[in-house]
Amino acid sequence: MQFQQLQYFVAVAETRHFTRAADLVHVAQPSLSQQIKSLERELGADLFLRARGNITLTDAGEALLPLARRILADADTARHEVQELAQLRSGRVRLGATPSLCTGLLPDVLRAFHDRYPGIRLLIEEGGSHDLVRELARGALDLALVVLPLPTPSPALTTVEVLREDLVVVSSPEASVPGGGRRSVRVSDLEGERLVMFRHGYDLRELTVAACRSAGFEPDFAVEGGEMDAVLGFVRAGLGVAVVPRMVAARTGRGLRVTPLARPGLARTIALAHRSDVAPPRAARELQRMLLER
């Protein structure tokens, strides 16, 4: 099995077309087809069902595809690691983070990293913890900031706790104060409040809904389905209240009333994750150090 054959296989699997795949990898179509057939002979199984105008993966092809993508991603990471110049003058870091962390935690750390290593490209991917864990596992990310506990525990990942962050309630200054004007709000005070709620797959959504149910009620949504910026905008417009991380409220809470949650309150644990079987590239390790020492 040759590395080049895996590249051709993935190209065909993604385009579902031999000619377009050949154009994608800059090779003549007959050469690509020959290499695919050679790979199939090596593996002892057909990888594609070939019908006129319709290319689909066989069961063997479906099994090979995630493995091939991971091998190619690992090779790409190795190439960038070897090509890095001395003293981190070039390279890249692929970092995943939940949208709230991109708003609250990351700006200051990334600015400090960029000031120290201006030649390192920072590639940021926003997503929920479940999506980020999947991207880490397939080699598409070097590091990811995720919320613990992980939605699906993975022995292939190493996680290190970065911080434990309190959640607060934000509301429009023109609206009535949740909880009757007290200096802090109990989760039970949110019963009857109209909540502006994040989309499905958002860690804060699951945490807030679970807390409401533990307090004995189902949350009432005024608006749901937004990302962080949209949720804060809807709250400013007076559509309802929202539960957000304290750092987000401190950084982007202008025009909002911020009310802490009464003890025991709500908090979330943020961890930095990477694959256990592959050491992060040198630049990623340096960013990891700065995140843990922040």
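Me: In this predicted model, which residue forms a salt bridge with arginine 194?
Reply: Side chains of opposite charge can pair when their charged atoms come close. In this pair the closest N and O atoms are 3.0 Å apart, within the 4 Å that a salt bridge allows. The partner of arginine 194 is aspartate 220.

Me: Which strands hold the two residues of this pair, and how many residues apart are they?
Reply: The pair links distant parts of the chain. Arginine 194 is in strand E7, and aspartate 220 is in strand E8, which covers residues 220-226. Along the chain they are 26 residues apart.

Me: Is aspartate 220 buried, partly exposed or exposed?
Reply: Buried means under 20% relative accessible area and exposed means over 50%. Its partner arginine 194 has a relative accessible area of 40%, so arginine 194 is partly exposed. Aspartate 220 has 34% relative accessibility, so this residue also falls in between. Aspartate 220 is therefore partly exposed.

Me: What is the N to O distance in the salt bridge between aspartate 131 and arginine 134?
Reply: Both residues lie in helix H7, residues 129-137. They are three residues apart, about one turn of the helix. Their side chains meet in a salt bridge with an N to O distance of 3.3 Å.

Me: Is glutamate 286 buried or exposed?
Reply: Glutamate 286 forms a salt bridge with arginine 289, with the closest N and O atoms 2.5 Å apart. The two are three residues apart in helix H11 (residues 282-293), so about one helical turn separates them. Arginine 289 is partly exposed, at 30% relative accessible area. Glutamate 286 has 14% relative accessibility, and because the limit for buried is under 20%, glutamate 286 counts as buried.

Me: How many salt bridges does the count come to?
Reply: The pairs include arginine 194 with aspartate 220 and arginine 289 with glutamate 286. There is also a network of salt bridges that links Arg70, Asp74, Arg275 and Asp277. The count comes to 20.

Me: Where do the buried residues of helix H6 lie around its axis?
Reply: The buried residues of helix H6 (residues 106-116) are Leu106, Val109, Leu110 and Phe113. Seen down the axis of H6, they fall within an arc of 95°. On the other side of H6, Arg111 and Asp115 are exposed. The buried residues therefore line one face of the helix.

Me: What covers the buried residues of H6?
Reply: Helices and strands both take part in the cover. The strands include E3 (91-97), E4 (120-126) and E5 (143-148). The helices include H5 (99-104) and H11.

Me: Which residues of the largest nonpolar core touch the most other members?
Reply: This core has 30 residues. The elements that give two or more residues to it are strand E6 (157-171), E7, H8, helix H9 (228-236), strand E9 (242-245) and helix H10 (246-252). A second, separate core of 25 residues includes Val109, Tyr117, Ala283 and Ala284. In the largest core, the residues that touch the most other members are Val170, Phe198, Met228 and Val244.

Me: Leaving aside neighbours within four places in sequence, which residues is methionine 228 in contact with?
Reply: Methionine 228 is one of the residues that touch the most other members of the largest core. Two of the others in that group, Phe198 and Val244, are among its contacts. Set out in full, the contacts of methionine 228 are Ser100, Thr103, Phe198, Tyr202, Leu204, Val244, Pro245 and Val248.

Me: Where does arginine 199 lie, and which residues is it in contact with?
Reply: Arginine 199 lies in the loop between strand E7 (194-198) and helix H8 (203-214). Arginine 199 has a relative accessible area of 22%, so it is partly exposed. Leaving aside its neighbours within four places in sequence, the residues in contact with arginine 199 are Gly128, Arg205, Gly225, Gly226 and Glu227.

Me: What is the volume of the largest cavity?
Reply: The structure holds four cavities of 30 Å³ or more. The largest is lined by 13 residues, of which Arg94, Leu141, Asp142, Arg275 and Val278 lie nearest its centre. Helix H4 (59-83) and strand E11 (267-275) each supply at least two residues of this lining. The volume of the largest cavity is about 110 Å³.

Note on methods. Residues are numbered from 1 along each chain as its sequence is written. This is a predicted model: local features need pLDDT of at least 70, side-chain atom pairs count only at pLDDT 80 or more; totals for chains, interfaces and linings use all residues. Side-chain values use heavy atoms; hydrogens and water are left out. Helices (H or I, at least four residues) and strands (E, at least two) are DSSP runs, numbered from the N terminus. Buried means under 20% relative accessible area, exposed over 50%, partly exposed in between (1.4 Å probe, protein chains only). Contact means heavy atoms within 4.5 Å. The arc is that of the directions from the helix axis to the C-beta atoms. A nonpolar core is a set of buried Ala, Val, Leu, Ile, Met, Phe, Trp, Tyr and Cys residues joined through side-chain atoms within 4.5 Å. On a 1 Å grid over the protein atoms alone, a cavity is a set of points where a 1.4 Å probe fits but cannot get out, and a pocket is an open set with protein on both sides within 12 Å along at least five of seven lines; lining residues have an atom within 4 Å of a point. Grid points are joined across faces, edges and corners, and a volume is the space filled by probe spheres set on the points.
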